[in-house]
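Welcome, and please take a moment to look over the model below. The report that follows walks through how its parts meet.

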Number of protein chains: 2
Amino acid sequence: MVWSGDRMDFVASVVTGVATLTQTMEDGRTQMVGLLLPSDFVGRPGRDHAPYNVTATTDLMMCCFRKKPFEAMMLSTPHIGQRLLEMTLDELDAAREWMLLLGRKTAREKIASLLSIVARREASLNLRGSRGKMDFDLPLTREAMADYLGLTLETVSRQMSALKRDGIIGLEGKRRVIIPDFDRLQDEAGDDTDGGYLV
Amino acid sequence: MVWSGDRMDFVASVVTGVATLTQTMEDGRTQMVGLLLPSDFVGRPGRDHAPYNVTATTDLMMCCFRKKPFEAMMLSTPHIGQRLLEMTLDELDAAREWMLLLGRKTAREKIASLLSIVARREASLNLRGSRGKMDFDLPLTREAMADYLGLTLETVSRQMSALKRDGIIGLEGKRRVIIPDFDRLQDEAGDDTDGGYLV
DNA sequence: CGTGCGGTTGATGATCATCAATTTTGGTGG
DNA sequence: CCACCAAAATTGATGATCATCAACCGCACG
């Protein structure tokens with residue numbers, strides 16, 4: 001959709017589908033730096049070139065605003081700016097959570113963390129509680145997961161198989177994930193205790 | 001200074017000195033998620049408990065505001081909120097840059113990246129250009145560097161020695177770092193080309 | 001003069017990356 | 001509906017990088 005360095009004269013909000021933000025090094029090493037799920041915002045008022053690649057990983061519908069009018073609206077309606085600040089601070093928290101994952105978690109914990117996050121977001125969309133049994137479609141290929149987690153796709157595949165062997169998750173086809181017991185998955189993720197204030 | 005979970009009824013801006021933001025897991029694994037240098041802002045309007053540990057790593061002077069009056073001021077003076085949004089977006093970019101480092105860079109590249117960043121910030125404080133020869137005092141112990149980079153302190157020490165052996169940096173005592181050729185250091189960091197829009 | 005902290009260096013090992021088949025899956029056209 | 005194909009995923013063998021465990025150095029400070 002957008003390549004790093006492109007001119008980008010709009011901001012947008014995801015309505016349905018999934019997109020990713022990625023950074024790459026010259027030699028091709030890739031790191032995902034954001035996962036855009038429904039309700040997430042993308043783009044930055046006050047900057048006209050994209051610093052990241054934006055890629056749709058499923059069919060995607062976004063609600064776009066031309067940047068100029070949007071900026072004008074921000075000035076005239078302070079509430080919008082406040083809301084945007086709040087969302088940006090949440091994103092910053094999420095990014096920092098992710099730094100802990102990238103820097104300090106084992107491969108198994110990384111996978112479990114990613115699955116918990118997607119499961120939680122999925123559950124909150126469908127207004128179901130995040131306890132007990134859950135299932136959902138993974139919106140990411142193994143490669144995308146690897147790029148998110150700072151692993152290789154082979155390691156992702158192996159750890160998914162290991163979690164399945166250990167009964168933490170079930171797999172149906174490539175994409176469908178079944179979580180028989182969300183608390184056990186959470187334990188594998190290594191996050192502290194209750195996760196009360198996490199998204 | 002502040003422990004994760006503490007009540008925090010102020011926001012602040014660093015005047016002089018260096019502080020760090022860290023997250024920890026129950027078993028003690030620690031990841032630094034922010035490095036606060038002079039001019040950086042800390043605290044979040046609209047939240048009253050700190051999600052991270054804040055630690056001073058040098059003598060530190062901060063300019064603090066009680067949160068309540070600050071929030072009131074934000075409402076009455078839209079410009080402050082706008083400025084804060086801008087700063088938060090910059091921090092988000094920095095966090096994402098750091099995610100690439102944590103997920104995909106080698107130990108050597110990580111060290112070189114950290115040294116470049118500190119050197120650049122140092123140079124901009126002192127109004128010197130960031131080319132050619134530079135030197136500065138590292139405001140971090142090996143352990144703090146390790147926590148920042150997602151490495152162990154032993155690996156940090158070894159890679160510092162390796163960079164010294166290769167003539168990329170010089171060391172004087174424990175803290176003083178001499179950079180004979182900033183461009184060579186930059187090459188070791190693995191960032192793309194010119195770094196034009198990086199901080 | 002000991003003691004503790006920060007740092008360096010060495011030996012060894014675990015984890016994860018890499019290279020290389022092979023299998024599964026979902027889609028497409030006959 | 002089935003056969004075929006390419007992309008995605010799995011699995012195995014091997015190796016590099018970095019973590020771990022441990023010893024030791026130098027310096028500041030009581």
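Buried area is the accessible area, taken with a 1.4 Å probe, that two parts lose on being put together, summed over both. This is a predicted model, in which local features need pLDDT of at least 70 and side-chain atom pairs count only at pLDDT 80 or more, while totals for chains, interfaces and linings use all residues. Residues are numbered from 1 along each chain as its sequence is written, chains are lettered from A and ligands numbered from 1 in the order in which they are written, and side-chain values use heavy atoms, with hydrogens and water left out.

## Where the two protein chains meet

Chain A and chain B bury about 4300 Å² between them, and 55% of that area is on carbon and sulfur atoms. Arg96(A), Met99(A) and Arg104(A) supply 19% of the area that chain A buries against chain B, more than any other three residues. Counted by contact (heavy atoms within 4.5 Å), 46 residues of chain A touch 47 residues of chain B.

There are 12 salt bridges between the two chains, a salt bridge being a side-chain nitrogen of Lys or Arg within 4 Å of a carboxyl oxygen of Asp or Glu. One of them joins Arg96(B) to Glu91(A), with the closest N and O atoms 2.8 Å apart. Between chain A and chain B there are also 26 residue pairs in polar contact, both residues being at pLDDT 80 or more. A polar contact is a pair of N or O atoms within 3.5 Å; within protein, one must be able to donate a hydrogen and the other to accept it, and residues adjacent in sequence count only if both atoms are side-chain atoms.

Which elements of chain A each supply at least two residues of the side that touches chain B? They are strand E2 (19-24), strand E3 (30-36), helix H1 (67-76), helix H2 (78-104) and helix H4 (142-149). Here helices (H or I, at least four residues) and strands (E, at least two) are DSSP runs, numbered from the N terminus. H2(A) gives the most to this side, with 19 residues. By type, the side of chain A that touches chain B divides into 20 nonpolar, 10 polar and 16 charged residues. In this grouping, Ala, Val, Leu, Ile, Met, Phe, Trp, Tyr, Cys and Pro count as nonpolar, Asp, Glu, Lys and Arg as charged, and the others, Gly among them, as polar.

## A helix on the inside

Six of the eight residues of H4(A) are buried, so this helix is largely enclosed by the rest of the structure. Buried means under 20% relative accessible area, exposed over 50%, and partly exposed in between (1.4 Å probe, protein chains only). The buried residues of H4(A) are Ala144(A), Met145(A), Ala146(A), Asp147(A), Tyr148(A) and Leu149(A). Their cover includes E3, H2, helix H3 (107-125) and H5 of chain A, together with helix H2 (78-104) of chain B. After H4(A) comes Gly150(A), whose phi is positive, near 70°.

## The two DNA strands

A residue is near a strand if one of its heavy atoms lies within 4 Å of it. Around DNA strand D there are 17 residues, and the closest are Arg142(A), Ser157(A), Arg158(A), Ser161(A) and Thr155(B). The surface near DNA strand D takes its largest share, five residues, from H5(A). Around DNA strand C there are 18 residues, of which Thr155(A), Arg142(B), Ser157(B), Arg158(B) and Ser161(B) come nearest. For DNA strand C, the largest share of the nearby surface, five residues, comes from H5(B).

Of the atoms of DNA strand D within 4 Å of the protein, 61% belong to sugar or phosphate and the rest to bases. Some of the atom pairs are set out here.

| Protein atom | DNA atom | Distance |
|---|---|---|
| Ser157(A), side-chain N or O | strand D, phosphate oxygen | 2.7 Å |
| Ala107(B), backbone N or O | strand D, phosphate oxygen | 2.9 Å |
| Arg158(B), side-chain N or O | strand D, base oxygen | 2.9 Å |
| Thr155(A), polar side-chain atom | strand C, phosphate oxygen | 2.6 Å |
| Arg158(A), polar side-chain atom | strand C, base oxygen | 2.9 Å |

The surface near DNA strand D divides into three nonpolar, seven polar and seven charged residues. For DNA strand C the residues divide into three nonpolar, seven polar and eight charged.
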